[in-house]
Amino acid sequence: MENNQEVKKFKTKAEYVEMLKREFYQIESIMETVSEIKAEMKEAGFDATLLVKVAKALAESRADEVIEKNEIFADTVEEVRSTY
């Protein structure tokens, strides 16, 4: 009986470490770029924290969810304030 199943060949530990190391270098480079962009936004007078949250929500396709949560937050604040 002939076995036509393909045998999966795994990489060595060193190869996996090298693959991850390259990814970590890329992450580090990206984080440096993000920091530079944040600094530039602050220098331009923008609220960098807010813009980062907006960009992240848009990138994760969660903008509508964030907007809805903020509306609920705003409604709750108004409700509580009205009891003062």
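**Salt bridges in the predicted model**

Glu18 pairs with Lys21 in a salt bridge whose closest N and O atoms are 2.9 Å apart. The model examined here is a predicted one, and five salt bridges are found in the structure. Both Glu18 and Lys21 belong to helix H1, which covers residues 13–43, and they are separated by three residues, about one turn of the helix. As for their surroundings, Glu18 has a relative accessible area of 34% and is partly exposed. Lys21 is likewise partly exposed, at 34% relative accessibility. Each value falls between the limits of 20% for buried and 50% for exposed, which is why neither residue is placed in those classes.

A further group of charged residues is worth a look, and Arg62 is a good place to begin. Arg62 forms a salt bridge with Glu60, with 3.1 Å between the closest N and O atoms. Arg62 also takes part in a salt bridge with Glu65, where the closest N and O atoms lie 3.8 Å apart; this distance is accepted because the cut-off for a salt bridge is 4 Å.

The accessibilities of these residues can be taken in turn. Arg62 is partly exposed, at 32% relative accessibility. Glu60 counts as partly exposed at 39%, and Glu65 does so at 36%. Through salt bridges with shared partners, Glu60, Arg62, Glu65 and Lys69 are joined into one network. In general terms, side chains that carry opposite charges can pair when their charged atoms come close.

Note on methods:
Residues numbered from 1 in each chain as written. Predicted model: local features only at pLDDT ≥ 70, side-chain atom pairs only at ≥ 80, totals over all residues. Heavy atoms only, no water. Salt bridge = Lys/Arg side-chain N within 4 Å of Asp/Glu carboxyl O. Helix = DSSP H or I, 4+ residues; strand = E, 2+ residues; numbered from the N terminus. Buried < 20%, exposed > 50% of the residue type's maximum accessible area, 1.4 Å probe, protein only.
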